[in-house]
Protein chains: 2
Amino acid sequence: MNAWEKNIRKVVPYVPGEQPKEDGIIKLNTNENPYPPTPKATQVAAEFDMDTLKLYPDPDAFALVNVLADYYGLNSDQVYVGVGSDDVIAMAFMTYFNSDKPILFPDISYSFYSVWADLYKIPYERPSLDDNFNIIASDYYKENGGVIFPNPNAPTAVYTTLDIVEDIIKHNQDVVVIVDEAYIDFGGKSALELIEKYDNLLVVQTFSKSRSMAGMRIGYAMGNKALIKALNDVKFSFNSYTMNATSLVYGVEAVKDDEYFKTCIDKIVKTREVAKKRLTELGFTFTDSKANFIFATHKSVKAKDIFEKLKDEHIYVRYFNLPRIDNYLRITVGTDEEMGKLVEALREIVEE
Amino acid sequence: MNAWEKNIRKVVPYVPGEQPKEDGIIKLNTNENPYPPTPKATQVAAEFDMDTLKLYPDPDAFALVNVLADYYGLNSDQVYVGVGSDDVIAMAFMTYFNSDKPILFPDISYSFYSVWADLYKIPYERPSLDDNFNIIASDYYKENGGVIFPNPNAPTAVYTTLDIVEDIIKHNQDVVVIVDEAYIDFGGKSALELIEKYDNLLVVQTFSKSRSMAGMRIGYAMGNKALIKALNDVKFSFNSYTMNATSLVYGVEAVKDDEYFKTCIDKIVKTREVAKKRLTELGFTFTDSKANFIFATHKSVKAKDIFEKLKDEHIYVRYFNLPRIDNYLRITVGTDEEMGKLVEALREIVEE
């Protein structure tokens with residue numbers, strides 16, 4: 001070991017889902033939207049003045065902040081934007097979770113939470129979900145340094161109703177509570193309506209799923225202005241110009257074209273419900289997904305085997321080799337055509 | 001104070017240079033390139049398939065990493081890319097500077113260094129530059145937790161010759177030494193040639209200045225593969241997908257169009273040398289800039305007054321109200337036309 005290596009931060013990096021580069025695959029492994037971004041984004045892209053790229057982008061990202069504030073009926077000082085919700089939540093961990101007490105998040109949830117906690121040396125505890133993968137609110141009544149959970153949860157797709165979400169917030173008014181709503185647009189009810197009542201609540205959402213812009217890296221947080229200011233202060237201590245010029249311009253169009261947004265979501269929800277029926281017929285069971293993915297297990301064939309065999313057919317889904325969920329597959333809801341091909345491939349695998 | 005506020009990280013955020021939104025101004029305050037990005041970028045932008053934005057970008061940013069590796073004659077595992085050099089250096093602070101000993105950087109240098117150190121609770125000391133704003137190498141011989149300095153320095157524009165840079169690295173082989181070369185393309189010699197000799201050396205550069213792409217947020221680091229791996233591990237613990245799809249595509253063109261790159265730099269260097277003459281005629285003195293900005297002081301008129309009066313004329317330069325440099329202006333080198341207007345405005349101010 002070189003002498004300088006002793007000062008290097010030790011981390012176990014998050015391993016993202018595969019981004020295979022081959023053509024002609026069916027990609028149902030990273031919960032992307034199967035539909036392209038709004039055509040309005042294509043229009044502004046064509047009109048975009050490339051010469052302006054010589055200049056720094058607006059450090060306050062006001063164009064995007066303002067359109068989000070308008071859309072959700074908030075003031076601009078209640079909205080923060082970042083480079084995907086991963087960037088937003090990482091900044092939030094650094095900003096809000098500076099207690100000696102452990103932060104709390106479910107044993108099964110977004111795998112980045114423990115990675116961020118390790119990165120920033122934040123202690124944490126992980127209360128267990130119940131046997132049906134539901135959050136047990138009373139597990140979050142104990143003293144802690146902060147709370148975060150996804151709603152709907154990932155990778156389980158289970159939605160926590162707003163009365164339970166509020167119960168958790170109510171019992172934790174001395175710390176910041178983050179509700180990570182990456183998948184809320186696919187059938188859940190956002191905790192956004194609670195931010196006026198609870199000044200310690202931060203709601204985080206993303207353009208990567210329901211708004212079809214994973215490639216543009218846009219996430220955002222909403223909360224009371226003291227929370228948002230604290231987050232901006234840390235962001236301005238890290239990198240003033242995180243949002244690049246094209247993200248700001250395309251992102252605005254994604255918010256403005258609400259009709260297109262809702263049409264895509266409707267299609268995905270319909271496809272999801274049909275897929276649930278087909279999967280049931282094939283002997284799968286799953287949680288009641290309110291997300292754009294289905295978390296499924298088969299009565300006789302092992303998830304890991306199905307995962308491998310699907311890959312042989314150039315169909316990518318996600319498999320987590322982790323306690324309690326190692327016999328489940330997380331299947332992104334694609335187009336009707338993609339899901340049809342998936343079901344055919346699954347039929348061959350399970351009836352083999 | 002709300003109870004949850006006690007856990008909030010205390011920071012003094014960096015204040016970036018103004019990004020005025022009015023039209024018709026002359027903007028010489030944030031060291032941007034006065035020339036637009038390569039026309040090749042406009043071409044790929046027109047051909048860009050917007051539908052692909054529904055997908056996450058390549059987390060490894062290989063297209064950009066590979067083209068940079070080719071350009072500089074390195075292997076791909078010796079190159080790291082991030083969201084501007086601010087993002088790269090912030091990650092580097094978090095990755096490499098985990099010692100109890102203070103890191104060292106000059107008293108006058110990029111103002112973000114102390115902000116990042118505060119953000120990550122890294123102790124630091126700031127050896128003084130000499131009276132001509134030169135780095136004194138022997139100040140960096142003492143025990144420390146790491147070293148960073150810009151070359152050319154900002155905001156002084158002073159270039160440190162490679163023998164002095166090497167002397168500092170040679171005396172600090174037990175820690176990571178970062179040479180921040182945001183402005184190196186405008187006349188300095190990069191420390192890149194030393195990375196094979198010193199495995200603790202990280203060289204950081206950016207697309208925001210010489211490559212005319214401040215709006216796209218691209219920075220990069222080069223070093224031995226163990227250093228780069230450590231940086232990638234931390235990046236993957238923070239946000240897997242930092243580089244958005246458009247940045248990757250436009251960035252590749254900026255590197256490939258070397259002729260355009262060199263033509264723009266030549267123009268800026270010529271304009272800078274002419275501006276130096278004009279400024280001398282007006283009674284200014286300045287350091288021997290090897291950057292795309294001039295750090296100037298006037299024999300009789302105060303820098304702050306000049307700064308304010310230029311602003312009244314819609315000409316923006318940068319003024320730092322800081323010890324030792326509070327009678328200097330940092331003036332970005334714009335086009336010949338912009339510099340002509342600046343000189344005229346300055347003439348009126350100093351001859352008033």
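This section describes the annotated domain, the sheet, one helix and the relation between the chains in a predicted model.

In an unreviewed UniProt entry, the annotation "domain: Aminotransferase class I/classII large" is assigned to residues 25-346 of chain A. Over this range the chain is 38% helix and 14% strand. The C-alpha atoms at the two ends of the range are 15 Å apart.

Chain A contains an open sheet of seven strands, arranged in the order β2-β8-β7-β6-β5-β3-β4 with mixed pairing. The edges are occupied by β2 (79-82) and β4 (124-125) of chain A; each has a single partner strand, so one side of each is left without a neighbour in the sheet. At the β4(A) edge, strand β3 (residues 103-104) of chain A runs parallel to β4(A) and is joined to it by two bridges. Within this pair of strands, Leu104(A) stands opposite Glu125(A) of β4(A). Helix α2 (residues 62-72) of chain A packs on the sheet, where it touches β2, β7 (201-206) and β8 (219-222) of chain A. The direction of α2(A) makes about 130 degrees with that of β2(A). Helix α6 (residues 225-238) of chain A also packs on the sheet and touches β2, β7 and β8 of chain A. For α6(A), the angle with the direction of β2(A) is about 30 degrees.

Helix α10 of chain A comprises 16 residues (residues 336-351). At 1.5 Å a residue a span of 22 Å is expected, and the end C-alpha atoms are 22 Å apart, which agrees. The buried residues of α10(A) include Met339(A), Leu342(A), Val343(A), Ala345(A), Leu346(A), Ile349(A) and Val350(A). Among the elements that cover the buried residues of this helix are α8 (258-281), α9 (303-312) and the strands β9 (284-286), β10 (293-298), β11 (315-316) and β13 (329-332), all of chain A.

Chain B is superposed on chain A by a rotation of 180 degrees with 0.0 Å of shift along the axis, at an RMSD of 0.0 Å. The two copies are therefore related as by a two-fold rotation axis. In chain B, the C-alpha nearest this axis belongs to Ala46(B), at 3.3 Å. Both copies use the same surface, since 100% of the contact residues of chain B recur in chain A.

In chain B, Glu273(B) lies in helix α8 (residues 258-281). Glu273(B) has a relative accessible area of 32% and is thus partly exposed. Between Glu273(B) and Ser289(B), the C-alpha to C-alpha distance is 9.1 Å, with a separation of 16 residues in sequence.

Note on methods: Residues are numbered from 1 along each chain as its sequence is written. Chains are lettered from A and ligands numbered from 1 in the order in which they are written. This is a predicted model: local features need pLDDT of at least 70, side-chain atom pairs count only at pLDDT 80 or more; totals for chains, interfaces and linings use all residues. Side-chain values use heavy atoms; hydrogens and water are left out. UniProt positions are given in the numbering used here, feature names are shortened, and annotations may be inferred rather than shown by experiment. Helices (H or I, at least four residues) and strands (E, at least two) are DSSP runs, numbered from the N terminus. The expected span of a helix is 1.5 Å times one less than its number of residues. Buried means under 20% relative accessible area, exposed over 50%, partly exposed in between (1.4 Å probe, protein chains only). Contact means heavy atoms within 4.5 Å. Copies are superposed by least squares on the C-alpha atoms of residues with pLDDT of at least 70 in both. Two strands pair if DSSP finds at least two bridges between them. Axes are lines fitted to C-alpha atoms, for helices over the stretch in contact, and angles run from 0 to 180 degrees between N-to-C directions.
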